[in-house]
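I sat down with this model today and kept notes as I went. Here is what I looked up, in the order I looked it up.

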Amino acid sequence: MNKKIRHEPPRAVAVFQLHLGKIGRILRPELIGLALILSPTALMALGLLMSRDAALDYPQELNFLLPVGAFLLPFRLWSKERLFDRGDFHLMPVERRKHILIRVCAGAVWALGLAAAVVLLFNLLALAAGSPTIGTGVWQWLVPLGSVATAYLLGSALVVALRHPLRWSAGLALAFVLLTAFDLVAFPRPMTQALVSGDLGLEPVLTGGASSAAWAVALLFWFGLGLTALALASLRHREA
Amino acid sequence: MTMPSSIASPRERDPVDGDAGLAVATRALSKRYGRSTALKDIDLRVPEGAVYMLAGENGAGKSTLLRLLLNLERPTRGQAEVTGLAADRHGARVRAHVGYVPEGFDMGSRWMTVGRWFAERAIYYPNWDAGYVATLCRRLDIDVARRISHLSKGQVRRTQIVAALAHRPPLLLLDEPSDGLDPAARDTVLELISDHLSQTGCTILASTHLIYELDALVDQVGVLSHGRLTAQMPRDGLRETLKSYRIRGPQGWETASDIPGVLHRAQFGREHSWVVRGDEADVVAHITRSGGEVRDVATLNLHDAVVHLMRQGAAS
């Protein structure tokens with residue numbers, strides 16, 4: 001008789017593992033695309049290395065491209081889940097807020113894993129060519145991972161908080177560009193400067209800044225901001 | 001000491017009194033969307049082991065009520081207790097106890113195969129019985145290798161029904177379970193539900209506006225109309241209290257307006273046909289006193305009885 005059966009929600013670890021696999025399947029087209037782009041790049045680089053006339057510096061542009069990708073990743077991961085409707089995701093026997101955070105964590109593993117793989121690949125090529133790598137300090141190797149984690153958190157917070165995050169993001173970006181281009185609104189210069197290149201600005205998070213301490217402080221600030229935003233956004237989905 | 005999950009500890013129980021032996025109990029459960037009222041003061045009582053049919057016209061609030069029971073939406077007011085658990089505080093545990101067939105046909109990721117979808121479900125429901133699923137799939141002719149995006153409406157519904165039964169839950173919440181099914185599949189599904197019922201002794205709360213479909217299973221009936229629970233009783237009680245009266249009245253006989261509980265009146269010459277809700281002896285006495293002669297009293301089948309109750313609810 002079913003009354004003797006224990007009917008309990010699943011363990012969080014099992015749900016996490018499920019989402020880890022599911023996200024891998026969702027990202028299959030992107031992973032294939034990435035492999036198609038990176039494989040010829042790596043092969044070409046190896047060819048150049050063989051001819052011994054290569055200078056394969058670690059491309060610093062990656063420190064900007066990877067966070068941008070990480071910011072957009074949650075939009076892709078949640079696009080079919082109908083977080084604000086009566087979708088299948090909501091029917092599962094896991095507290096909704098917890099369920100969302102589990103999935104965000106699984107996505108973070110993918111974001112960091114992919115970023116680490118790309119950074120490692122380009123640094124290995126640079127090492128093989130005897131060219132400058134991302135840096136000599138361990139912390140410099142962590143800079144792209146820190147910025148990826150922060151960008152992913154901020155993107156996730158947006159997606160979890162808003163019913164139409166893409167529209168909001170695109171709308172805000174467009175409004176900012178138009179207002180700036182036509183000089184309709186003058187954003188206070190000190191504010192934008194602080195936001196971009198100040199001690200707690202985005203620049204030190206993305207590039208590493210002047211020192212490990214400056215990077216750590218800026219990263220802590222933005223990472224904390226991302227975590228707080230995500231925690232607040234997830235409150236929209238709490239059950240009790 | 002750990003408690004069986006189907007019995008909630010006193011701390012988890014909702015303070016709804018006198019609910020022992022009920023699989024679902026709500027008190028004054030209400031839901032508003034802006035200025036429109038979807039549900040008002042619902043006191044649902046579903047006994048354990050019962051097959052409860054929640055009937056009502058389209059838009060009566062049946063689906064909303066089921067979603068509130070699963071804590072998929074929050075009530076504006078009132079309380080709901082499902083399998084002994086307060087739905088608002090233990091939503092996840094409630095959903096673990098319930099096999100739910102939703103109103104819609106969304107199965108989430110459309111790129112998945114049915115087999116993969118089941119495999120995911122198996123992780124969410126630790127008691128998932130893969131062997132049972134295979135049996136159900138054979139009986140319902142479900143191809144697990146097929147992609148969800150390639151399923152017809154009927155195939156989606158069959159898949160949803162298998163998923164609802166697979167972890168052998170103590171409570172099934174079925175929202176229009178036969179919607180989208182062809183007649184043959186509909187019969188098979190009803191057979192499966194019947195078998196499941198006899199094997200597990202579970203409770204079923206099914207919403208439908210196709211009353212005849214559940215005729216063979218139902219032992220409790222509730223009627224929702226415009227967001228209100230206008231009737232709720234055991235099937236036997238319905239048979240006892242709702243009857244059709246064939247009356248012969250004298251020429252020009254005015255039907256007595258003081259007789260309470262008349263749900264339907266029809267007249268063919270001097271022959272009158274009424275459907276009345278109430279004690280038969282009282283109704284006959286009333287009619288006789290007013291000059292009519294009761295020629296025949298007949299019990300109504302479930303379909304007719306519920307339709308009359310729905311009409312009454314709609315009229316009130």
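**Entry 1: the core**

Which residues of the largest nonpolar core touch the most other members? I looked this up before anything else, keeping in mind that the model is predicted. The core holds 91 residues, and Leu44(B) and Val306(B) are the ones that touch the most other members.

I then followed Val306(B) to its partners. Leaving aside neighbours within four places in sequence, I found Val306(B) in contact with Met53(B), Ala55(B), Ile211(B), Val221(B), Val223(B) and Leu238(B). There is also a second, separate core of 32 residues, and I noted Leu38(A), Phe75(A), Leu77(A) and Val159(A) among its members.

**Entry 2: chain B as a whole**

Next I wanted the general picture of chain B. I counted nine helices and 15 strands in chain B. Its C-alpha trace spans about 70 × 45 × 40 Å along the principal axes. Chain B has 316 residues, and 54% of them count as buried.

I also checked how far apart in sequence the contacting residues sit. Taking contacts in chain B between residues at least 6 apart in sequence, 72% join residues at least 24 apart. For the surface, I noted that chain B exposes about 13400 Å², with 49% of that supplied by carbon and sulfur atoms.

**Entry 3: a threonine in a helix**

Is Thr159(B) buried or exposed? I placed the residue before answering: Thr159(B) lies in helix α5 of chain B, which runs over residues 153-165. Thr159(B) counts as buried because its relative accessibility is 0%, and the cut-off for buried is under 20%.

I listed its partners too, again leaving aside neighbours within four places in sequence. Thr159(B) is in contact with Met107(B), Val114(B), Trp117(B), Phe118(B), Ile142(B) and Leu151(B).

**Entry 4: chain A as a whole**

Then I turned to chain A and its make-up. Chain A has 10 helices and zero strands, so to speak a plain read of α-α-α-α-α-α-α-α-α-α along the sequence. The C-alpha atoms of chain A fill a box of roughly 75 × 50 × 35 Å along the principal axes. Of its 240 residues, 39% count as buried.

I ran the contact check here as well. Among contacts in chain A between residues at least 6 apart in sequence, 75% join residues at least 24 apart. Chain A exposes about 13100 Å², and carbon and sulfur atoms supply 71% of that area.

**Entry 5: the largest pocket**

Which elements each supply at least two residues of the lining of the largest pocket? I found three helices of chain A in that role: α3 (62-77), α7 (165-181) and α8 (189-196). The largest share, seven residues, comes from α7(A).

The largest pocket holds about 640 Å³ of space. Its lining has 19 residues, and those nearest the centre are Phe71(A), Ser169(A), Leu172(A), Ala173(A) and Phe176(A). By class I wrote down 17 nonpolar, two polar and no charged residues for this lining.

**Entry 6: the largest cavity**

How many cavities of 30 Å³ or more does the structure hold? I noted three. The largest cavity has a volume of about 170 Å³.

I went through its lining of 17 residues and found Leu91(A), Met92(A), Tyr100(B), Arg121(B) and Tyr125(B) nearest the centre. Both chains appear in the list of elements that each supply at least two lining residues: α4 (88-91) of chain A, and β7 (98-101), α3 (114-124) and α5 of chain B. The lining divides into 10 nonpolar, three polar and four charged residues.

**Entry 7: the second largest cavity**

My last stop was the second largest cavity, with about 120 Å³ of space. It is lined by 15 residues, and Lys22(A), Glu81(A), Asp88(A), Phe89(A) and Glu120(B) are the closest to its centre. The elements that give two or more residues to this lining are α1 (12-26) and α4 of chain A, together with α3 of chain B.

Which element gives the most to the lining of the second largest cavity? I have α3(B) down for that, with four residues. By class, this lining has six nonpolar, four polar and five charged residues.

Key. Residues are numbered from 1 along each chain as its sequence is written. Chains are lettered from A and ligands numbered from 1 in the order in which they are written. This is a predicted model: local features need pLDDT of at least 70, side-chain atom pairs count only at pLDDT 80 or more; totals for chains, interfaces and linings use all residues. Side-chain values use heavy atoms; hydrogens and water are left out. On a 1 Å grid over the protein atoms alone, a cavity is a set of points where a 1.4 Å probe fits but cannot get out, and a pocket is an open set with protein on both sides within 12 Å along at least five of seven lines; lining residues have an atom within 4 Å of a point. Grid points are joined across faces, edges and corners, and a volume is the space filled by probe spheres set on the points. Ala, Val, Leu, Ile, Met, Phe, Trp, Tyr, Cys and Pro count as nonpolar, Asp, Glu, Lys and Arg as charged, and the others, Gly among them, as polar. Buried means under 20% relative accessible area, exposed over 50%, partly exposed in between (1.4 Å probe, protein chains only). Contact means heavy atoms within 4.5 Å. Accessible areas come from the Shrake-Rupley method with a 1.4 Å probe; for residues, only the protein chains shown count as cover. A nonpolar core is a set of buried Ala, Val, Leu, Ile, Met, Phe, Trp, Tyr and Cys residues joined through side-chain atoms within 4.5 Å.
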